Amino acid sequence: MADRQTVPPEPITAADGTPLKKKLAQALFRSRVRAASLVLPLFAFIMASFVIPIIALMWQGVYNDTFSSYTPNLTEQLKVWDGINDPDEVMYAALVADLKTASADRTIGRIATRVNQEFPGTRSLFTRTARKAKNLKPPFKDSVIKASKKWDNIEVWRAMKITSQDLTPGFYATALDGRYTVDQGFISQDENRQIYVKLFWRTMMISATVMGLCLLLGYPVAYLLATLPLRTSNLLMIMVLLPFWTSLLVRTTAWIAILQSQGVINDLMVYVGITADDARFSLIYNMTGTIIAMTHILLPFMILPLYSVMKTIPPSYMRAARSLGATPTTAFIKVYMPQTIPGIGAGGLLVFILAIGYYITPALVGGQDGQLISNMIAYHMQKSLNWSLAAALGGILLAGVLLLYWAYDRVVGIDNMKLG
Amino acid sequence: MSKLTKKIIAIAGASVFVSGAAMAADLTVVSWGGAYTKSQVEAYHKPWMAKTGKSIVSEDYGGGIAEIKAQVESGNVTWDIVDVELSDAIRACDEGLLEQIDHSTLPPAPDGTPATEDFLPGTLHDCAVANIVWSSVYAYDSSKTRNWNKPTKMADFFNTKDFPGKRGMRKSPKVTLEFALIADGVPVSQVYDVLGTEEGIARAFAKLDTIKDDIVWWEAGAQPPQLLADGEVVFSTAWNGRVFNAKNAEGQSFEMVWDGQIYDLDLWVIPKGSKNKEAALDFLAFSTATEQLAAQASWISYGPARASSVAKIGTFHSDPSIKMADHMPTAPANFKNALQNDFEFWADNADQLNERFNAWLAS
């Protein structure tokens, strides 16, 4: 008995002599490779068109080498400068050398724009001095200051020191209404220039309001869709889907026609006598307009997940609750509603995340107090061309969404979500 | 092959051919759209196409240098020649986004004066050649009965007591802040000195605060005439040529208030790496010749950038009784209290003031 136990069991082999375990692993590996190669195109597509661009953009929010790449000599000097003592002759000489090259290569505008972001009002100082650079004679400190007295201001040099650092927290500081300086570290922005934190809050508030309104309006509709006889509910479904399939721009413009002060609603109210002709309601080009239009546009994203969940709830549950003595309200709250929570979660999250990034609708109907943070990001991408700041703002927005997603997962549980 | 299939293939082939032809235009000219682009098509594009036999695709945009920058930096330049504002031309040139333009290639005036002397002072730049002088003014619809006297001054625009109602303004600190200071009593000659100080900026915003709740912001040049015609606003700042055309070509009864007007240039620039640079340079020289600039002035009330063209300004294309010279921003009657947009001030302070303007809007 004892002997037999110590003898290792003969491995089971396949027809060609290889151990069965190995053979099985090979077969599994092959099928796994096959499965992976089917997913590979999608994976490559997502990496190339989604993940890598996002990482590249995030990187732009903390990395900007515009200044250092066009002013190699000066950057070298600024690195060793302490930011307290007056800049010396060597630094001025480096400045003149770099300005000369930049002027010849027509890169001076990029340098000037970059420094101007840190220290407004210095753009022309650079472009103007660069134009004179080839005629400047040593000692450079005197001749540069003679060309423009502003060079004597140590703040200009501090701003250059900041911009000469490729890796900078400056854009994230700006995106949070702060500033990053050489001598004081992080300080907060002048009060009359603070805007981003306020806009982040407003974006959250408007998104939450839109989500709430969508739930309020969408829940009964989804309930009807799920419970009405097929013939009626199909018609209702078409009424939900038809606007869903209509272009976003068309729907937004339609709201302009309806809500503007000479529009349908105001005309009607004047006609009925609710308001006077010269005191029409401002329903558009403000926050009200943004909320109304966004609620309408995002409503299907709430209704459809709710509907798909409600469709699976057997009507017998409600009947059972009623037959056991529950009032309609109790039966609804205790029996029906808890079962729709996956749908509420899915719809709410979907609407909220879509709303947070909304930008065309607020741009068209938002006026001044209905603008969201995404409008600011678009502004920095398209108008001010400060892509690094746009990237920082986008990064914060992305972090916010991920945080909310995480919180949702902790509170409700992401498995508890049903999208369709 | 059935008849139907053949037909479908033929149609598909034809549509491919058509879109192929559109793609293969010899020159893409980009401008601000509306009545302004129309004036350029009539005065520049059509004669140039007739002369050279080449085709032009005309595109619209809303100003700024973002698209030019994106095209140049991605190495895929699809715009060949673009109509830009002065401050943008200078900035794009400094950033190396534009081709340099040799001024000696520009045609001389009919009397032989070289182009460099014929163009008005400040209209020729390293990378840009001006075609028109345009102006920001404010306008109102005189057909609507209102209980007020005719507005005559910039201050009236900010006076909501005597002139109640909504006002349209361009959503940009540029021009808006200057208007506010002029209305607040700053002489036009000192506007940029005042605006260069913290107190001056605060003063401009304080003046804007007085009408903030009554402002409807516009962004495209075609919007102000629409806002006025719809009765959405009682006053609107606008570009003078747009108001002129709405009045004379579309029969609106708009009036302009020239007091405190701010004039600026529009210039042609060629993005660096344009695939049709030769054609673009040829078009640029052709369109800024004395004849063409004068011809454009009969389509829209923007002043030509050449002295020799100013003398040749004719009448409105559809109404010979309208002498265009009287409607130019530079006409003596209109030019009494005018301010030239200071491109250097805006190149320096645009970022800062935009930030502050946005913060002010959101507050």
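**Notes on a predicted two-chain model**

1. Start with the layout of chain B. Its domain assignment gives domain 1 as 3–133 + 265–327, and domain 2 as 135–263 + 334–362. Keep in mind that this is a predicted model.

2. How far apart are the centres of the two domains of chain B? Taken over C-alpha atoms, 28 Å separate the centre of domain 1 from that of domain 2. The contact between them takes 19 residues from domain 1 of chain B and 16 residues from domain 2 of chain B.

3. Look next at the side of domain 1 of chain B that touches domain 2 of chain B. Helix H2 (34–52), helix H4 and strand S12 (319–323) of chain B each give two or more residues to this side. H4(B) provides the largest share, 4 residues. By class, this side of domain 1 has 10 nonpolar, 7 polar and 2 charged residues.

4. Now the contact of chain B with chain A. Chain A puts in 32 residues and chain B puts in 25 residues. On the side of chain B, at least two residues each come from helix H3 (66–74), helix H4 (86–94), strand S7 (215–218) and helix H15 (343–362). The largest share there is that of H15(B), with 13 residues. This side of chain B divides into 11 charged, 7 polar and 7 nonpolar residues. H4(B) thus turns up on the side facing chain A and on the side of domain 1 that touches domain 2 of chain B.

5. Turn to the interior. In soluble globular proteins, nonpolar side chains tend to be buried together. Here the largest nonpolar core has 157 residues. Those with the most contacts inside this core are A:Leu298, A:Ala355, B:Ala89, B:Leu267 and B:Val269. Which helix gives the most to this core? Helix H15 (residues 287–310) of chain A does, with 13 residues.

6. A:Ala355 deserves a look. Leaving out residues up to four places away in sequence, A:Ala355 touches A:Ile206, A:Ser207, A:Val210, A:Met211, A:Met294 and A:Leu298. Another core, of 28 residues, lies apart from the largest one. Among its members are A:Tyr92, A:Phe126, A:Ala130 and A:Ala133.

7. Last, a helix pair in chain A. The axes of helix H6 (residues 108–118) and helix H9 (residues 154–164) of chain A come within 9 Å and cross at roughly 110 degrees. H6(A) and H9(A) are therefore roughly perpendicular to each other. H6(A) makes the contact through A:Arg114, A:Val115 and A:Glu118. H9(A) uses A:Ala159, A:Met160, A:Ile162 and A:Thr163. Together these residues are 4 nonpolar, 1 polar and 2 charged.

Notes:
Residues numbered from 1 in each chain as written. Chains lettered and ligands numbered in written order. Predicted model: local features only at pLDDT ≥ 70, side-chain atom pairs only at ≥ 80, totals over all residues. Core = buried A, V, L, I, M, F, W, Y, C linked by C-beta atoms within 7 Å. Buried ≥ 20, exposed ≤ 12 C-beta atoms within 10 Å, placed from the backbone. Contact = placed C-beta atoms within 7 Å. Nonpolar A, V, L, I, M, F, W, Y, C, P; charged D, E, K, R; others polar. Domains from an automatic or database assignment. Axes fitted to C-alpha atoms, helices over the stretch in contact; angles between N-to-C directions. Parallel < 35°, antiparallel > 145°, perpendicular 65-115°, else oblique.
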